[in-house]
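Please look through the sequence and the structure below. The paragraphs that follow go from charged pairs to a buried serine, then to the nonpolar cores and a residue on a strand.

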Amino acid sequence: MDKISPVSTNLLYAYKSQANTPVESKNNSDATTVSPDIVKKETAEAAKAYAIVAPAQKTAPEKKSIDELKAGLTAQGKVEGKDFIVRKDERDSQLNIIENGKIVKVYRFMNNGEKKEDFDAIQEFSYPLDSEKGLKQVETMYGADGEFHFRINKYEREKSPYKNDIVNFETHPYELEKKLKAEGIKFSRDTAYADLGYTVKITAFDPKKDEITRYEFSYPNDGDKANSVSKCIIDKDGSLSAEIMFREDETSYTDFHDNFIS
């Protein structure tokens, strides 16, 4: 049985409004004249082609407390601990729906979920089989009002459609800088230090698309092998549009715009 942790996506749920504050910065900029596509066409198409079936646009779900949801499931003959799991806490709570041993839906609540007004968001999970592109899991987050928040496609590292991108899990910052310089792309570099490690951020600007891409390399203090490498696409309004995250065992693509709505 595959184990997943929907709780971990709280960080991503709040990611659009978070900002990191570097302790120490080092900048390096170069002039630019020509820029390649930062997000390649095949990369964008792959994200759509392998997202299983385009989900229907959501409507605002009926707000219920966590106990009301539990009672409704029990009335349907569902068994707690087998068909669903409830976790209550003073800060946040959740009810997980389980099918075939895997979580397929998570109802999220603020506080302990005793009030229907505490209902906060829904996560939906699907698990494709035998994907040629190594797609393992698709997670979609919706707000309590049915508003789309983000969609994450998780791939096997060696089969993902992004394995030949300008960066990957093995890329070092100086290698990326070398590529950007060769293409004449303007960029800046910042290094942020923390107790457990440090992050190297390289921000590149594409004048042809008037688009900014931010690359982040996260390292532990005791080594030069990255924990993760990410590529974030910033839209014209300065908001996070999409992110590719490279890790040792998987690659994920997160879209913050619902591109499946026609």
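Arginine 157 has a relative accessible area of 22%, so this residue is partly exposed in the predicted model. The side chain of arginine 157 forms a salt bridge with the side chain of glutamate 158, with N and O 3.5 Å apart. Glutamate 158 is exposed, because its relative accessible area is 55% and exposed means over 50%. The pair also belongs to a network of salt bridges that links Arg157, Glu158 and Glu170.

The count of salt bridges in the model comes to 12. Another of them joins lysine 231 to aspartate 165, and the closest N and O atoms of this pair are 2.8 Å apart. Where in the chain do lysine 231 and aspartate 165 lie? Lysine 231 is in strand S10 and aspartate 165 is in the loop between S6 and H4, so the salt bridge links distant parts of the chain, 66 residues apart. Are these two residues buried or exposed? Lysine 231 is buried, with a relative accessible area of 1%. Aspartate 165, at 8% relative accessibility, counts as buried too. The cut-off behind both statements is that buried means under 20% relative accessible area.

A further salt bridge is made by the side chains of glutamate 177 and arginine 189, at 3.3 Å from N to O. Glutamate 177 belongs to helix H4 and arginine 189 to strand S7 (residues 186-193), so this pair ties together parts that are 12 residues apart in sequence. Glutamate 177 counts as buried because its relative accessibility is 10%, while arginine 189 is partly exposed, with a relative accessible area of 25%.

The loop between strand S6 (148-156) and H4 also holds serine 160. With 2% relative accessibility, serine 160 counts as buried. What does the side chain of serine 160 reach? It reaches the backbone nitrogen of lysine 163, at 3.4 Å. Leaving out residues up to four places away in sequence, serine 160 touches Lys133, Tyr155 and Thr251.

Next come the nonpolar residues. In soluble globular proteins, nonpolar side chains tend to be buried together. The largest nonpolar core of this model has 23 residues, and the members that touch the most others are Val167, Leu176, Leu180, Ile202, Tyr215, Phe217 and Phe246. Which elements give two or more residues to this core? They are helix H4 (173-182) and the strands S5 (135-143), S8 (197-206), S9 (211-220), S10 (228-234) and S11 (240-246). Apart from this core lies another, of 12 residues, which include Phe84, Val104, Tyr107 and Phe119. Leucine 180 gives a closer view of contacts along the chain: neighbours within four places in sequence aside, leucine 180 is in contact with Ile166, Ile185, Phe187, Ile202 and Ala204.

Strand S8 also contains threonine 203. At 27% relative accessibility, threonine 203 counts as partly exposed. Not counting residues up to four places away in sequence, threonine 203 touches Lys186, Phe187, Ser188, Ile212, Thr213 and Arg214. How many residues apart in sequence are threonine 203 and aspartate 190? They are 13 residues apart in sequence, and the distance in space is 8.5 Å from C-alpha to C-alpha.

Notes
Residues are numbered from 1 along each chain as its sequence is written. This is a predicted model: local features need pLDDT of at least 70, side-chain atom pairs count only at pLDDT 80 or more; totals for chains, interfaces and linings use all residues. Side-chain values use heavy atoms; hydrogens and water are left out. A nonpolar core is a set of buried Ala, Val, Leu, Ile, Met, Phe, Trp, Tyr and Cys residues joined through side-chain atoms within 4.5 Å. Buried means under 20% relative accessible area, exposed over 50%, partly exposed in between (1.4 Å probe, protein chains only). Helices (H or I, at least four residues) and strands (E, at least two) are DSSP runs, numbered from the N terminus. Contact means heavy atoms within 4.5 Å. A polar contact is a pair of N or O atoms within 3.5 Å; within protein, one must be able to donate a hydrogen and the other to accept it, and residues adjacent in sequence count only if both atoms are side-chain atoms. A salt bridge is a side-chain nitrogen of Lys or Arg within 4 Å of a carboxyl oxygen of Asp or Glu.
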